[in-house]
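Me: I would like to go through some labels one by one. Please set each value against its cut-off.

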Amino acid sequence: MQVKRAKKADVKDLTELTIKSKSHWGYGEKQIEEWRGELTITEKYIEENHVYKLIDENSLIGFYAYKPQNKTTIKLNYLFIEPKFIGSGCGKLLMTHFLKLLENSEYQRVTLDADPNAEVFYQKNGFRVIGKLPSSIKNRYLPIMEFELK
């Protein structure tokens with residue numbers, strides 16, 4: 001397995017993986033359709049953000065994407081794994097790659113808005129909940145999480 005920078009040609013595969021991975025958590029088709037815009041990776045998104053994919057023998061296993069928010073903060077926008085690889089260590093591999101990239105940077109923290117189903121994964125990787133964000137589903141909140149780099 002190797003992590004490589006995603007290219008514009010990857011947008012269809014990245015979007016399909018995002019939708020499959022999100023669907024893994026039991027969200028209905030109607031809900032996924034409501035989120036389709038948020039789950040779609042475009043060529044413009046790849047141009048404007050840092051997107052890395054995990055591949056094994058040319059098969060897409062997962063990916064993550066981030067963008068600097070300011071001089072001290074990075075926002076992790078996506079980290080998705082092919083459902084059959086959830087729990088296999090691939091998410092940890094991507095997270096390790098991501099944090100290693102930032103190791104010698106001037107950034108001080110990483111923030112993200114987690115799916116509630118992924119909160120434990122992020123906590124196991126050193127993130128802590130610092131707030132909550134109302135989601136589009138009534139009475140459901142997304143944990144706002146943070147990781148201190150320095």
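Me: What makes D10 and K53 a salt bridge?

Reply: The closest N to O approach of their side chains is 3.0 Å. A salt bridge needs a side-chain nitrogen of Lys or Arg within 4 Å of a carboxyl oxygen of Asp or Glu, so the pair qualifies. D10 sits in the loop between strand 1 (2–5) and helix 1, K53 in strand 2 (residues 50–56), 43 residues apart. This is a predicted model; local features need pLDDT of at least 70, and side-chain atom pairs count only at pLDDT 80 or more. Side-chain values use heavy atoms, without hydrogens and water, and residues are numbered from 1 along each chain.

Me: Why is D10 called buried?

Reply: Its relative accessible area is 13%. Buried means under 20%, exposed over 50%, partly exposed in between (1.4 Å probe, protein chains only), so D10 is buried. K53 is also buried, at 13%.

Me: How do you know that E82 and K20 form a salt bridge?

Reply: Their closest N and O atoms are 3.0 Å apart. That is within the limit, so the label holds. E82 lies in the loop between strand 4 and helix 4, K20 in helix 1, 62 residues apart.

Me: Is E82 buried or exposed?

Reply: E82 is buried, with a relative accessible area of 13%. K20, at 42%, counts as partly exposed.

Me: What makes K75 and D113 a salt bridge?

Reply: Their side chains meet at 3.0 Å, N to O, so they pass too. K75 is in strand 4 and D113 in strand 5, 38 residues apart. D113 is partly exposed, at 32% relative accessibility.

Me: How many salt bridges does the whole structure have?

Reply: The search finds eleven. R109, R128 and E146 are linked in a network of them.

Notes. Helix = DSSP H or I, 4+ residues; strand = E, 2+ residues; numbered from the N terminus.
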